[in-house]
Amino acid sequence: MGFYTIELKAIRSLIFGLAHFVVGVFLVNACGPQMVFAETTHAGWDCSQDKTSGEWVCKTDRARREKLPKPAAKDTGVTTTDGAKAKSAGPETVPVVTEKPAPARAVSPEKSPQSSPTATLHQAEDPAKPAAGVESTKSRRTETTGTRPREEDLEETRPSLAEQPGWTCKSDAGDTGWNCNLVGPDPAGQAHPVSDVNESLVGSASFDNRQELIFKDMVSKTPYDPWDKCSTHLGPRPPRISKEERRKAPVDINADYSDIYEREIITFTGNVDVTRADQRVLADQAFYNTQSETLNARGNVHYRDQDYSVYSDTAFLNLDEDQGKLRNSQFIYGATPARGQAKLAEQESKSLSHYIDAAYTTCAPGNQDWTLETGTLDIDRDEGIGAATNAWLEISGVPVAYVPYFEFPIDDRRKSGILNPVFGLTRNTGFDFTLPYYWNIAPEYDATIIPRIMTKRGLLLGGEFRYLSESSSGRFNGQIIPYDTTADKTRGAISFANYSQITPSLVSNLDLNWISDDEYLNDIGSTIALTNFSHIRSTANVRYSSPAVGIFAQLENYQTINPTIPSAARPYRRLPQILVTSAHNILDTGALAAFRGEQVYFQRNNTVTGHRTDLKPDISLPIESAGGFITPKVALDFTQYFLQDQSAGAPNSITRVLPLVSLDGGLFFDREFDFGGTQLVQTLEPRIYYLYVPETNQDDIPLFDTSEFDFTILQLFRDNRFNSADRIGDANQLSVALTSKILEPRTGIQRLEGTLGTIAFFKDREVQLSRRIAPETDATSSLVAELNGVVTDDLSFRSGLQWNPYLGKFTRGLASLHYQDEENRVLNLSYRYRLEPIGVQLTPGIVQQLPPEISNIDQADGSVRWPLFAGLAGVGRMQYSFPDGKILESFLGFEKESCCWRFRILGRYWIQTIQTTSGVVAGTGKANTGIFVQVEFKGFASFGDKVDQFLERNIAGYQGPE
């Protein structure tokens with residue numbers, strides 16, 4: 001392959017073009033319609049009409065002279081039951097003797113002339129008994145087990161043309177005329193070409209038209225279409241056949257004529273059909289050796305088993321050892337699926353094949369979008385790999401890449417070797433190229449060595465080690481840049497994760513992470529999956545679960561990498577945290593007793609630290625019926641703090657005890673109605689929730705991990721408006737909500753659900769996150785509403801609103817629309833609005849007064865995956881902030897997919913670092929851009945970044961490859 005080969009192909013294409021033109025002119029004059037009705041012509045044609053079918057068959061005088069007579073009847077030496085010699089001059093059944101005679105299948109000697117002869121071979125059960133109707137002989141089998149078929153056993157014969165309807169014409173050297181054969185009705189004198197028809201000036205197709213027709217015929221004869229993922233597959237695939245089952249199965253042979261030589265060599269001629277278990281061989285002629293169990297087949301040979309199918313001119317097969325040698329073959333691997341052709345194919349074993357001068361592709365017959373042209377090709381189905389030497393990757397017949405040696409997977413099993421390269425282009429790294437090497441150390445261990453070159457940063461050396469045992473699994477990742485040319489320093493990152501199932505009830509998790517500097521993830525981290533990080537979290541925990549009790553213990557640490565966050569606003573470390581939960585029925589009374597206890601030590605540099613013990617037992621009495629429910633509940637919250645580094649005048653020990661009383665109840669109503677011929681059910685579900693918690697001063701308690709919940713429908717039925725134990729909100733309030741649903745009783749689909757609710761406060765809320773925040777004095781909360789629905793099977797929506805009657809405006813708003821159909825059209829549109837109150841806590845422990853233009857969130861987000869034409873689809877997303885007047889993130893790209901390849905290209909713009917002033921988001925940031933490409937040849941190799949995984953994370957409903 002190469003430019004020299006391409007130049008030769010161009011010259012050959014020119015010669016073939018001139019030859020085709022001359023042939024076309026000759027056929028117009030010599031093979032016109034008048035040729036069909038002439039018995040002979042001046043060109044030496046011999047035409048005759050078949051009396052049965054009425055079709056014309058024409059041959060030249062030379063073809064008539066070379067015509068071979070039908071096989072004559074021979075003395076087979078096989079003795080029938082009446083002692084007469086059996087002949088095979090006509091259709092009959094021939095029992096064949098194996099190495100160890102065994103009872104043959106019972107076959108009636110009175111066969112109809114239309115029936116095909118059948119030869120049946122069985123594994124012997126009793127070597128002392130001869131086959132029924134067959135004279136007993138001694139075994140003359142030669143020892144061939146474990147040896148490969150000899151190449152001299154394959155007779156070089158002229159390749160047979162496929163019996164395709166119409167004219168087939170060939171020119172022979174030394175013959176002044178054409179050798180043409182007509183099969184079926186005359187197609188207006190049009191001949192079937194016998195030379196390559198896909199030649200071009202730059203490249204040629206790997207498979208010509210005739211070979212593509214043969215591939216399609218091979219697929220039609222298999223139990224299932226290997227490329228059924230691109231078509232409709234009906235029914236289950238056939239069961240697997242083991243090697244032992246194949247060995248024990250008998251061999252059945254059908255043919256038009258048969259001839260037996262010394263009861264050992266059997267010749268079959270015409271429509272030969274050999275079957276053993278899942279193996280089947282079709283051919284024009286075959287020679288079967290009953291002693292060595294070898295089959296020599298010629299002419300239109302088609303072999304197939306449960307995973308493999310091959311067509312060739314000649315084949316020498318050792319059925320007992322699953323070995324064979326085939327010339328000018330075409331093959332299909334159904335499990336991958338893949339197909340190819342080779343001048344010589346050697347079947348080493350049931351799983352190992354070797355090909356010389358081969359072409360390979362995973363594209364379905366009729367599609368040659370990509371092929372691998374190789375000098376040699378080895379396919380090992382046991383190991384799940386393919387290996388090629390002197391290989392060219394061609395796309396639509398055009399050579400694009402050459403490798404002297406290349407290994408590739410044919411399934412998902414692990415094997416050591418170079419993985420697919422990853423490349424990209426970003427502003428921070430420049431051109432980015434990674435070439436991983438995978439090391440399959442052992443079944444339970446493996447490693448990946450990841451060298452990475454960045455034109456703006458230098459060389460990065462990375463690696464990953466993974467392990468797996470009966471009770472544990474884990475991974476270790478490390479990266480180091482010896483010298484970052486832009487940052488002028490050494491940089492790196494380390495992570496370690498482990499999961500262990502110690503007992504059926506006890507598990508442990510370990511997730512440790514560290515990076516060398518604050519800007520490492522922004523500069524070096526995962527380019528296409530990059531998000532805005534402020535803290536790197538590390539945890540180690542143990543969890544025990546049983547029906548009676550649950551225990552959770554962990555250590556938790558944060559590495560803050562956003563330098564604009566002050567020390568007082570950074571999260572606390574938990575060193576450690578222990579949490580215990582339990583729930584029990586009380587003496588089968590229906591009452592339920594529950595307990596939640598937590599012990600935590602909070603640590604942070606240069607601020608107050610301390611221990612917190614929080615114990616919360618409660619008792620409830622759920623009463624339920626088909627029409628409603630009511631649940632009274634009483635709880636007692638005990639909290640104890642032991643503090644260090646408190647501010648002057650603040651206590652080091654704080655105790656808080658608070659009772660919590662609640663009553664939750666609701667009713668269920670429903671009615672049936674008809675809408676457009678569809679039977680529906682509408683429910684009406686009113687619900688009330690009363691909560692009482694006395695007020696106690698908590699201003700001296702530091703905020704270790706507590707902030708206020710955002711106000712939603714869920715907040716109506718919580719017993720604390722804060723999300724952790726550092727604050728327990730005082731309450732004397734009644735929540736009222738009304739929910740209505742519309743259901744399809746036949747399918748169970750919930751078509752529509754709407755909820756409207758609010759809270760009536762009977763006293764002011766004195767407890768706040770900070771003493772600097774004034775008490776809340778409003779008599780009612782905001783009015784919250786949600787409406788969600790499934791309009792059609794493809795279209796759904798979600799929406800929510802908050803109305804503040806005292807401000808006279810909406811303080812929250814959410815609307816989203818999701819469309820996804822069976823054609824993988826995906827469209828997502830959403831809008832989010834939030835107006836923060838004057839005092840708001842953005843970070844636990846820090847409450848700030850924010851101007852409206854900073855505290856507000858007013859964003860629109862849209863994402864799409866939409867088919868365009870010819871398999872091309874567009875993908876994109878844009879997230880826009882109205883207060884900032886800028887795009888926070890956007891990408892646009894295209895992907896194209898066929899049954900054997902995928903291509904994706906993506907351009908991305910995103911805000912990489914949020915600039916802040918005293919921890920406040922200011923709405924300005926540093927933008928980054930990148931271009932990412934992914935090319936995947938299905939079942940062969942993939943090149944570029946993992947764009948599909950990025951699209952799955954950023955386009956809701958996007959479905960990546962299976």
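Strands β13 (294-304), β14 (308-318), β15 and β16 (338-347) are among the elements that cover the buried residues of helix α4. This is a predicted model.

**Helix α4**

Which residues of α4 are buried? They are Gln 211, Glu 212, Ile 214, Phe 215, Met 218 and Val 219. These residues cover an arc of only 160° around the axis, so they sit on the same side of α4. An α-helix has 3.6 residues a turn, so residues three or four places apart point the same way.

The length of the helix can be checked too. Helix α4 runs over residues 209-220, which is 12 residues. At 1.5 Å a residue, α4 should span 16 Å. Its end C-alpha atoms are 17 Å apart, which agrees. At the start of α4, a side-chain oxygen of Asp 208 comes to within 3.1 Å of the backbone nitrogen of Arg 210.

**Two residues with positive phi**

Strand β15 also holds a backbone feature. Asn 328, in β15 (residues 323-333), has a positive phi although it is not a glycine. Asp 357, in strand β17 (residues 352-361), also has a positive phi and is not a glycine.

| Residue | Strand | Phi | Relative accessibility |
|---|---|---|---|
| Asn 328 | β15 (residues 323-333) | about 50° | 40%, partly exposed |
| Asp 357 | β17 (residues 352-361) | about 50° | 37%, partly exposed |

Another backbone feature lies in strand β32 (residues 573-585), which contains Pro 576. The peptide bond from Leu 575 to Pro 576 is cis, with omega near 0°.

**Nonpolar cores**

In soluble globular proteins, nonpolar side chains tend to be buried together. Here the largest nonpolar core has 45 residues. Which of its members touch the most others? They are Tyr 355, Tyr 360, Trp 370, Leu 372 and Leu 377. Another core, of 16 residues, lies apart from that one and includes Leu 658, Val 693, Phe 717 and Ile 759.

Take Trp 370 as an example. Beyond four places away in sequence, the residues Trp 370 touches include Tyr 360, Leu 393, Ile 395, Trp 901, Phe 937 and Phe 940. Glu 394 and Lys 938 are also among its contacts.

**A glutamine in a loop**

Gln 768 lies in the loop between β41 (750-761) and β42 (783-790). Is Gln 768 buried or exposed? Its relative accessible area is 4%, so Gln 768 is buried, as the cut-off is under 20%. A polar atom of its side chain lies 3.1 Å from the backbone oxygen of Arg 765. Leaving aside neighbours within four places in sequence, Gln 768 contacts Arg 721, Phe 722, Arg 727, Ile 773, Ala 774, Pro 775 and Glu 776.

Methods: Residues are numbered from 1 along each chain as its sequence is written. This is a predicted model: local features need pLDDT of at least 70, side-chain atom pairs count only at pLDDT 80 or more; totals for chains, interfaces and linings use all residues. Side-chain values use heavy atoms; hydrogens and water are left out. A nonpolar core is a set of buried Ala, Val, Leu, Ile, Met, Phe, Trp, Tyr and Cys residues joined through side-chain atoms within 4.5 Å. Buried means under 20% relative accessible area, exposed over 50%, partly exposed in between (1.4 Å probe, protein chains only). Contact means heavy atoms within 4.5 Å. Helices (H or I, at least four residues) and strands (E, at least two) are DSSP runs, numbered from the N terminus. A polar contact is a pair of N or O atoms within 3.5 Å; within protein, one must be able to donate a hydrogen and the other to accept it, and residues adjacent in sequence count only if both atoms are side-chain atoms. The expected span of a helix is 1.5 Å times one less than its number of residues. The arc is that of the directions from the helix axis to the C-beta atoms.
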